[in-house]
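Okay, hi everyone. Let me put today's model up on the screen, and then we'll walk through it together.

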Amino acid sequence: MLKIVAVAAIFLGEALSIFAELIASRQFGKAGGDLAMLWPMFLLVSLGGILLVFGYALGYMYLKNIWIIVAISVGAILVVEPILAVLLFRDVPTAGSLIGLILGGFGALAAIFL
């Protein structure tokens, strides 16, 4: 059960951090980006960082192997970032990005179950 909580915290932390980064980049990609929106994004990244630290700590306490936790985190980035990019920017991934997404998903699953 704690393994699932650790993995969920890592995925959610990565998702929140990536979401804030993409929203901020989209806002500043427009002409005359608003600096006031940086505070909410800073708070969102901070919450994501807290979840990541919690997920890493709990995962290491439970699994006793940091490489599994690192693989889960990298897998989360490879899965979550393309999905959020498609949802927020309505941009279709290239072939290389799609292959990275698929391999990242397999890597995260392998780290969790093997």
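So, here's something to start with: which side chain of opposite charge is nearest to Glu 14, and how far away is it? Keep in mind that what you see is a predicted model. The answer is Lys 3, and it sits 18 Å away. Glu 14 is buried, and yet it has no salt bridge. A salt bridge would need a side-chain nitrogen of Lys or Arg within 4 Å of a carboxyl oxygen, so with the nearest candidate at 18 Å, Glu 14 goes without.

What does Glu 14 touch instead? Leaving out residues up to four places away in sequence, the contacts are Leu 52, Ser 73, Ala 76 and Ile 77. Glu 14 itself belongs to helix H1, which covers residues 2-29. Leu 52 falls in helix H2 (38-63), and the other three partners fall in helix H3 (66-89).

Okay, let's zoom out. The protein chain has four helices and zero strands, so reading from the N terminus you get α-α-α-α. The C-alpha trace spans about 50 × 35 × 20 Å along its principal axes. There are 114 residues, and 31% of them count as buried. As for the surface, about 7000 Å² is accessible, and carbon and sulfur atoms make up 78% of that. And the charges? There are 5 positive and 5 negative ones, and their mean positions lie 9 Å apart.

Now, contacts. Take the ones with a separation of 6 or more: 73% of them join residues 24 or more positions apart.

Next, the record. An unreviewed UniProt entry lists "transmembrane region" for residues 36-59, 66-89 and 95-113. How does the model look over the last two of those? Residues 66-89 are 100% helix, with the end C-alpha atoms 34 Å apart. Residues 95-113 are also 100% helix, and there the end C-alpha atoms are 27 Å apart.

Let's stay with helix H3, where we find Phe 89. In sequence, Phe 89 and Arg 26 are 63 residues apart, but in space their C-alpha atoms are 7.9 Å apart. Phe 89 touches Arg 26, and also Leu 22, Ser 25 and Leu 84, again not counting residues up to four places away. Is Phe 89 buried or exposed? Somewhere in between: its relative accessibility is 36%, so it counts as partly exposed.

Compare that with Val 74, another residue of helix H3. Val 74 is partly exposed too, with a relative accessible area of 43%. Pair Val 74 with Leu 87, 13 residues along the chain, and the C-alpha atoms are separated by 20 Å.

Last stop, the loops. Which loop holds Lys 64? The one between helix H2 and helix H3. Phi of Lys 64 is positive, near 60°, and this is a residue other than glycine. Lys 64 counts as exposed because its relative accessible area is 61%, and the cut-off is over 50%.

Arg 90 tells a similar story in the loop between H3 and helix H4 (95-113). Arg 90 is not a glycine either, but its phi is positive, about 55°. With a relative accessible area of 66%, Arg 90 is exposed.

So, if you go back to the model later, start from Glu 14, buried in the model and without a salt bridge. Thanks, everyone!

Methods:
Residues are numbered from 1 along each chain as its sequence is written. This is a predicted model: local features need pLDDT of at least 70, side-chain atom pairs count only at pLDDT 80 or more; totals for chains, interfaces and linings use all residues. Side-chain values use heavy atoms; hydrogens and water are left out. UniProt positions are given in the numbering used here, feature names are shortened, and annotations may be inferred rather than shown by experiment. Helices (H or I, at least four residues) and strands (E, at least two) are DSSP runs, numbered from the N terminus. Buried means under 20% relative accessible area, exposed over 50%, partly exposed in between (1.4 Å probe, protein chains only). Contact means heavy atoms within 4.5 Å. Accessible areas come from the Shrake-Rupley method with a 1.4 Å probe; for residues, only the protein chains shown count as cover. Lys and Arg count as positive and Asp and Glu as negative; His and the chain ends are not counted. The place of a charge is taken as NZ of Lys, CZ of Arg, CG of Asp or CD of Glu.
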